Amino acid sequence: MKWTDTQRIAEELFDAHSDIDPKTIRFTQLRDLILALPDFDDDPAHCGERILEAVQQAWIQEAE
């Protein structure tokens, strides 16, 4: 998975962390959770606020 796979990342986060409310997560925590996903394989330096916002929004939609 790469940073651009926002929907897949959101689905993985939803499955792995159903106890977390994606509406209240901090971007630093979100970034750490993404980097810890087993199938994630991208450069941590390529992450930015826009990517994290997109992942968060996709995760919120997945949770609803």
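Select Leu13 first and display its surroundings: leaving aside its neighbours within four places in sequence, Leu13 is in contact with Ser18, Leu30, Leu33, Ile34, Leu37, Val55 and Trp59. Bear in mind from here on that the model is predicted.

Keep Leu13 and add Ile9 and Ala10, which together make up the buried residues of α1. Seen down the axis of α1, these buried residues fall within an arc of 100 degrees, so they line one face of the helix. What lies across from that face? The buried residues of α1 pack against α2 and α3.

Move next to α2, where the residues to select are Leu30, Leu33 and Ile34, the buried residues of this helix. They cover an arc of only 100 degrees around the axis, which puts them on the same side of α2. The cover over these buried residues includes α1 and α3. If you then turn to the face of α2 directed away from its buried side, you will find the exposed residues Thr28 and Ala36 there.

With the two faces on screen, select the largest nonpolar core, which has 16 residues, and in which those with the most contacts inside the core are Ile9, Leu13, Leu30, Ile34, Phe40 and Trp59. Each of α1, α2 and α3 supplies at least two residues of this core, and the largest share, four residues, comes from α3.

Go now to Leu37, which was among the contacts of Leu13 and which lies in the loop between α2 and α3. Is this loop residue buried or exposed? At 5% relative accessibility, Leu37 counts as buried. Leaving aside its neighbours within four places in sequence, Leu37 is in contact with Met1, Ile9, Glu12 and Leu13. To follow one of these contacts, draw a distance from Leu37 to Glu12: the two are 25 residues apart in sequence and 7.6 Å apart in space, C-alpha to C-alpha.

Stay with the loop between α2 and α3, and select Phe40 together with Trp3. The count of aromatic pairs comes to one. The rings of Trp3 and Phe40 have their centres 4.7 Å apart and their planes at 65 degrees, so the pair is edge-to-face, planes over 60 degrees apart being counted in that class. The pair links distant parts of the chain, with Trp3 in the segment before α1 (6–16) and Phe40 in the loop between α2 (27–36) and α3 (49–63), 37 residues apart. Both Trp3 and Phe40 are buried, and Phe40 has already appeared among the core residues with the most contacts.

The charged side chains come next. How many salt bridges are there? The count comes to two. For one of them, select Arg8 and Asp39, whose side chains meet in a salt bridge at 3.4 Å, N to O. Arg8 lies in helix α1 and Asp39 in the loop between α2 and α3, so the pair ties together parts that are 31 residues apart in sequence. When the accessibility of the two partners is examined, Arg8 is partly exposed, with a relative accessible area of 38%, and Asp39, at 41% relative accessibility, also counts as partly exposed.

For another salt bridge, select Glu64 and Lys23, in which the closest N and O atoms are 3.9 Å apart. This pair likewise links distant parts of the chain, since Glu64 is in the segment after α3 and Lys23 in the loop between α1 and α2, 41 residues apart. Glu64 and Lys23 are both exposed, whereas Arg8 is partly exposed, as is Asp39.

Finally, clear the selections and view the whole chain as a ribbon. The chain contains three helices and zero strands, and read along the sequence it follows the pattern α-α-α. Taken along the principal axes, the C-alpha atoms fill a box of roughly 30 × 20 × 15 Å. With 64 residues, a compact globule would have a radius of gyration near 11 Å, and the chain has 10 Å, which agrees. Of the 64 residues, 30% count as buried. Among contacts between residues at least 6 apart in sequence, 74% join residues at least 24 apart, and the contact between Leu37 and Glu12, visited earlier, joins residues 25 apart.

Technical notes: Residues are numbered from 1 along each chain as its sequence is written. This is a predicted model: local features need pLDDT of at least 70, side-chain atom pairs count only at pLDDT 80 or more; totals for chains, interfaces and linings use all residues. Side-chain values use heavy atoms; hydrogens and water are left out. Rings of Phe, Tyr and Trp (its six-membered ring) pair if their centres lie within 6.5 Å; planes under 30 degrees apart count as stacked, over 60 as edge-to-face and the rest as tilted. Buried means under 20% relative accessible area, exposed over 50%, partly exposed in between (1.4 Å probe, protein chains only). The arc is that of the directions from the helix axis to the C-beta atoms. Contact means heavy atoms within 4.5 Å. A salt bridge is a side-chain nitrogen of Lys or Arg within 4 Å of a carboxyl oxygen of Asp or Glu. A nonpolar core is a set of buried Ala, Val, Leu, Ile, Met, Phe, Trp, Tyr and Cys residues joined through side-chain atoms within 4.5 Å. The radius of gyration is taken over C-alpha atoms; the globule rule is 2.2 Å times the number of residues to the power 0.38.
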